[in-house]
Structures are given as C-alpha cells and as structure tokens.
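Subject: A structure for you to look at

Hello,

Here is the structure I promised to pass on to you. Please open it first, and then read on for what turned up in it.

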Amino acid sequence: MTSLLERPEDMLRDLRDRLGQQAVLIGNEVPARNCNDWSASLPQTPLAVIRPVDAAGVAAAIATCRKAGLPFVPQGGLTGLCRGASPEPGWVAISLERMTGIEEIDRASATMTVKAGTPLETIQKAADEAGFFFPLDLGSRGSCVIGGNLSTNAGGNRVIRYGMTRELVLGLEVVLPDGTVITNLNKLMKNNAGYDLKHLFIGSEGTLGIITRVVLRLFPKPRSTMAALCALKDYAAVVALLDAARSGLGPLLSAFEVMWPDYWEVITARAGVKPPVAAGHGLYVLVEAQGTDESIDAPRFQAWLEELMERGLLADAAVAQSLAQTQKFWAVRDICSEFGQVLGPHLSYDIGLAVKRMDEFATRCKAALASSIEGCESVYYGHIGDGNLHLVSWVTGLPTERQPKDAMDAIIYGLVREMGGSVSAEHGIGTLKKQWLGHARSEAEIALMRTLKAALDPDHLLNPGKVI
C-alpha cells in the first residue's frame, strides 16, 4: 500500500523543501510559458516545473522524478518550433531559467564558460565587451538560451563561415537520465582521449541528457563589416553569386541569405518594410563579409561588387555605408520572426537541400501547395549557402488548429524525400516531425538512435516520445 509520503505531489513538495520555494512550482503555480514552445501546438500543463540553479539541483530533480515514475522534459528558452521541449499532462518540466550567467572568459584559450540557461544575446554581448566575437546568431537571440541552441544544434545566419553550434562547443557538463553528472568542461581544441561524448548530447533535443554548463569557442572580433542587398534575375545568377562570393571574398564571407519574390512581397506589402532595392526582380540576396581592416576590406568589397555589376550578374545592389545601415539590411531578413503578426496563423518549415536544387524545390512546392490545398499560400527564404531553406505556409482565415498541417507536411516532406534532402536543417525533430524522420534517415540509422536512447534512458522517462 502506497503511503501519502510516496505520492508524486508529496515527493515534489519534499524536493521544494530541499531546493527552496522558488525551485518547485506545482499545479496552479505552473506558469503558462512552461506549457508550450513556439510551435503551433496546443499547450499542455505539466504536473510541476522544477527550476534548479546547478547540476546538483538537476540531479535531485531527476532523482525525484524517477522515484515517482514521472516523465520529465528539459526546458530552456522554449523558442523551438517542433515541440521538443513541450510537456505532456502528468510530466514534470525541468526548466533551466534560473541557471544563467557567464562563469569565465579565458582570454588565452579564447573560450567562455556559461550556464546552460544563459540567453544567446547575453553571451554575444559578453563576448563583445571582452573584445571577442561569438558567431552563433538567430532571430530569437533575445529569447533563446544556449542549452536549447545546443540541444537542436542550431544554425542561424553565419554557418557558412563558422559552422553549426556543434563546431562552437569544446566542453559540456551534462546530467544523465539516471542523475549522474558528467563534467567535462574541456577547453582544448585537440583532445582525442577516447570518445568525444559531447556530440552525443548536441543535437539530441534533450532526449539523452540535460546540458547544464558549456564551454564555448570565441573568435576575434571583426573590425570591419560590409553588407550588400543584391537583386538578381534568376536562381542561376544566385548560384553564380555564391560561387563568386566564396572565391572573391574567401574567409571574409560570413553570411549569404536568399529571399524569393514571394517573401519580398510579404515583407514590403504586408509588413511595411522599406527595402533598399526595388521589387520586381527574380531573387534577392543579402551578402555579409567581416574582416580585420576596414581600410582594406571595405574597398575590396566595393570593388568586388562593381566587378559583378559590370559582368551583368547583379540586376541591382545597395551597399551599407554604416553599421546602422547594415542592421537595417538584416532587419529585412529578420522580419520573418514577426510573421505571426504579419500573416496570422501559419506553419513554419525548415529543410535541408543541395544548393543547386533549392529553386526547383521552391517552385514545385509552391505550385503543389496551391493546387492541392484551397487558398494555400507560401513564401521561401533561407541560408542558401548552408543548404538550408525555410518556408512558411498558411490558409488565410483559418485559426492555427485548423491549418491543414497534415496535407502541407505530406507535400513538403514528400518533395524533400524525392529530392534527397533533410526534413530538418536546424530546428530539430521533436514530435511534430517524428513521423517524417524516415524521409531523411535510414532504418539502420534510426535503429542506432533507438539503441543509444535505450542505453542511456532504459526507463524512458527523459523527454519520452521525442525524435524517435
């Protein structure tokens, strides 16, 4: 017979007595923000939210959940789009919102050690103030946190130069599903002493462990930033521009963002953005380059663009003359984070494809959505130099829960599979893409993922039902 002390609610209250009143929120105390991520799914209220301040607190939270037989989900900034950090009724959310702060900036090793709940923008600013540069950058920089960025192996705007989040991490502290704390806050670039275990957890969407601290790589702060918004007649010209940027700018090239005309129409006609180049072109590209000497880099960038104009590769171009203008150029690309207000209810997609097939996909996908789903509109944009295309689709007038998601998914992911792409370039799988994982991974790969999950979480209590 179960005693009252063994009831889950009593175990959670006992944990609150040990960790503090603010550490455990139960029942009606659970904030609405912990009930969902940024996906279009309906919120679900967890049984409780546990908010530790360190790895020992996370381990204590896990021990309580395991003793009570409660599934638990790690939560960061909750800016994900695939329900990877969303709870289900009866679950416990382990939030890292109180695990914030910069622990150390090591100038000699060019590293920063941070707690996993630290917002990305805080890390960027701390690096800048210390004379360094942390290149990971997303539209949700003010809301997302570094632990969540690692959990999905986030990409963002500067992957073409610095790589995905995985390339920006040297060491981790992580709490395993059984409560074991693994601390390897490595600062070494070269360390081949056995398996590089951090890669098990980066990109695993909180299904193999809960990341609590991170050692990040820092880079020299750029001393010059050049940007141009270019208009081109067709996608062949975009590919030629990418090739010219790689060869002509070399290591200076830091971003290459492509926007299709439908995106341009939405941001100008509906969002009220006043872009620096006129509408009516085939595609639009934001090119950014960062260097170390403005007196050399800026003239080189200008000369490179002038040569492309003389060759007829560019139909039009505007060059930023100041940091403020560069930020305005980026606002043209970042406005997509406000599509909820601009478009109303819509669905966001994030796919990976070979660069040469991006326009073919956009053309075919737009036509298929429009012909198969009455009233369906879609727009296309993305980090094309990284092989990452974003699109949003919607039927005007329908609330979120009535958007024809299943039909859209089948069309979009069916094309991705046909064209040899990935159903997720940087957003992850969560639950919303789980049924489509086989479109991008083989049966053998998925079986190995299941083996790893079973080895680390045999009781299937950590974020169960996510990814696989």
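Let me start with a pair of charged residues: Arg158 and Asp137 are both buried. Please keep in mind that this is a predicted model. The side chains of Arg158 and Asp137 meet in a salt bridge, at 3.6 Å from N to O. Arg158 sits in the loop between α4 (146-151) and α5 (159-162), while Asp137 belongs to the loop between β7 (132-133) and α4, so this pair ties together parts that are 21 residues apart in sequence.

Asp137 has another partner as well. Arg141 forms a salt bridge with Asp137, and here the closest N and O atoms are 2.6 Å apart. How buried is Asp137? Its relative accessible area is 10%, and because buried means under 20%, Asp137 counts as buried. If you follow the charges onward, you will find a network of salt bridges that links Asp137, Arg141, Arg158, Glu288 and Asp334.

Further along the chain there is one more pair to look at. Asp457 and Lys453 form a salt bridge, with 2.8 Å between the closest N and O atoms. Both partners are buried: Asp457 has a relative accessible area of 2%, and Lys453 has one of 6%. As a general point, side chains of opposite charge can pair when their charged atoms come close.

These pairs belong to a longer list, as the structure holds 27 salt bridges. Across the protein chain there are 45 positive and 52 negative side chains, and the centres of these two sets lie 2 Å apart.

Now for the overall picture. The protein chain has 14 helices and 18 strands. Its radius of gyration is 23 Å, close to the 23 Å that the globule rule gives for 468 residues, so the chain is as compact as a globular protein of that length. Along the principal axes, the C-alpha trace spans about 85 × 60 × 40 Å.

How much of the chain is buried? Buried residues make up 53% of the 468 residues. As for the outside, the protein chain exposes about 19900 Å², and carbon and sulfur atoms supply 52% of that area. Contacts also reach across the sequence: of those with a separation of 6 or more, 71% come from residues 24 or more positions apart.

I hope you enjoy exploring it.

Best wishes

Key. Residues numbered from 1 in each chain as written. Predicted model: local features only at pLDDT ≥ 70, side-chain atom pairs only at ≥ 80, totals over all residues. Heavy atoms only, no water. Helix = DSSP H or I, 4+ residues; strand = E, 2+ residues; numbered from the N terminus. Rg over C-alpha atoms; globule rule 2.2 N^0.38 Å. Buried < 20%, exposed > 50% of the residue type's maximum accessible area, 1.4 Å probe, protein only. Contact = heavy atoms within 4.5 Å. Areas by Shrake-Rupley, 256 points an atom, 1.4 Å probe, with all protein chains shown as cover. Lys, Arg positive; Asp, Glu negative; His and termini not counted. Charge placed at Lys NZ, Arg CZ, Asp CG, Glu CD. Salt bridge = Lys/Arg side-chain N within 4 Å of Asp/Glu carboxyl O.
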